[in-house]
Amino acid sequence: MLGVLPQVVAKTLIARDEEGVHIRAVVPASCRVSISKLANAVSATNVVLLTEAELLSAYPQFELGAVPPFGGPADERVVVDRGVVSDDHVVFDGGVHDTSLRMRTEDLVEVAEAQTADIAVD
């Protein structure tokens with residue numbers, strides 16, 4: 001069985017802007033999302049992370065903490081950190097905790113209609 005290099009694993013965090021639009025922030029799994037950098041990337045005054053209750057309500061089709069970078073409501077924004085796109089491939093949760101997906105990073109950006117920005121901090 002092949003292992004996965006830690007630097008190619010990403011996690012998806014969900015935030016919302018002041019207008020209530022959800023933003024999927026995709027950052028390296030070893031990093032945190034910078035709320036101020038994310039707000040700047042989406043030209044918002046402020047963004048906040050969703051609570052567990054809000055996540056359960058907004059994404060009932062996914063396990064809590066396993067929301068993938070795409071799928072779900074069409075009006076969401078997706079921002080992928082530049083640290084994620086520096087690798088050819090990325091591994092992320094597939095909506096459940098026991099399934100991960102691996103895909104070409106450029107395909108992820110295209111499928112998710114994502115923008116790329118510097119949104120992560122160590």
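Is E113 buried or exposed? In this predicted model, E113 is exposed, with a relative accessible area of 71%. You will find E113 in the loop between α4 (105-111) and β8. Its backbone deserves a look too, since E113 has a positive phi of about 50° although it is not a glycine. Most residues other than glycine have a negative phi.

A second residue belongs in this part of the tour. S43 also shows a positive phi, of about 55°, and is not a glycine either. This serine sits in the loop between α1 and β4 (47-49). With a relative accessibility of 70%, S43 counts as exposed.

Let us now move to the interior. In soluble globular proteins, nonpolar side chains tend to be buried together. Here the largest nonpolar core has 16 residues, and those touching the most other members are I23, V33, L38, V42, V47, V79 and I119. Two elements, β2 (22-28) and α1 (35-41), give two or more residues each to this core. I119 is a good place to pause: leaving aside residues up to four places away in sequence, its contacts include A25, V26, V27, V33, L38, A41 and V79. Polar and charged names appear among the contacts of I119 as well, including R32, S34, K37 and D81. Apart from this core lies another one, of 12 residues, with A10, V84, F92 and L108 among them.

F92 leads us on to the aromatic rings. The count of aromatic pairs in the model comes to 2. One of these joins F70 and F92 in an edge-to-face arrangement, with 5.8 Å from centre to centre and 80° between the planes. F70 lies in the loop between α2 (52-58) and β5 (77-81), while F92 belongs to strand β6 (residues 89-93), so the pair ties together parts that are 22 residues apart in sequence. The two rings have their own settings: F92 is buried, at a relative accessible area of 2%, whereas F70 counts as partly exposed at 24%.

Charged side chains make links of their own, and the structure holds 5 salt bridges. In one of them, E76 meets R24, with the closest N and O atoms 2.6 Å apart. Because E76 lies in the loop between α2 and β5 and R24 in strand β2, this pair ties together parts that are 52 residues apart in sequence. Are the two partners buried or exposed? E76 is buried, with a relative accessible area of 13%, and R24 counts as buried at 1%.

Another salt bridge pairs K37 with D118, where the closest N and O atoms are 3.4 Å apart. This pair links distant parts of the chain, 81 residues apart: K37 is in helix α1, and D118 is in the loop between β8 (115-117) and β9 (120-121). K37 counts as partly exposed at 29% relative accessibility, and D118 is partly exposed with a relative accessible area of 41%. You have met K37 before, as one of the residues that I119 touches.

Our last stop is a salt bridge between the side chains of D107 and R104, at 3.1 Å from N to O. D107 is partly exposed, with a relative accessible area of 27%, and R104 counts as partly exposed at 39%. With E106 added, R104 and D107 are linked in a network of salt bridges.

Notes. Residues numbered from 1 in each chain as written. Heavy atoms only, no water. Phe/Tyr/Trp six-rings, centres within 6.5 Å; stacked < 30°, edge-to-face > 60°. Helix = DSSP H or I, 4+ residues; strand = E, 2+ residues; numbered from the N terminus. Buried < 20%, exposed > 50% of the residue type's maximum accessible area, 1.4 Å probe, protein only. Core = buried A, V, L, I, M, F, W, Y, C linked by side-chain atoms within 4.5 Å. Contact = heavy atoms within 4.5 Å. Salt bridge = Lys/Arg side-chain N within 4 Å of Asp/Glu carboxyl O.
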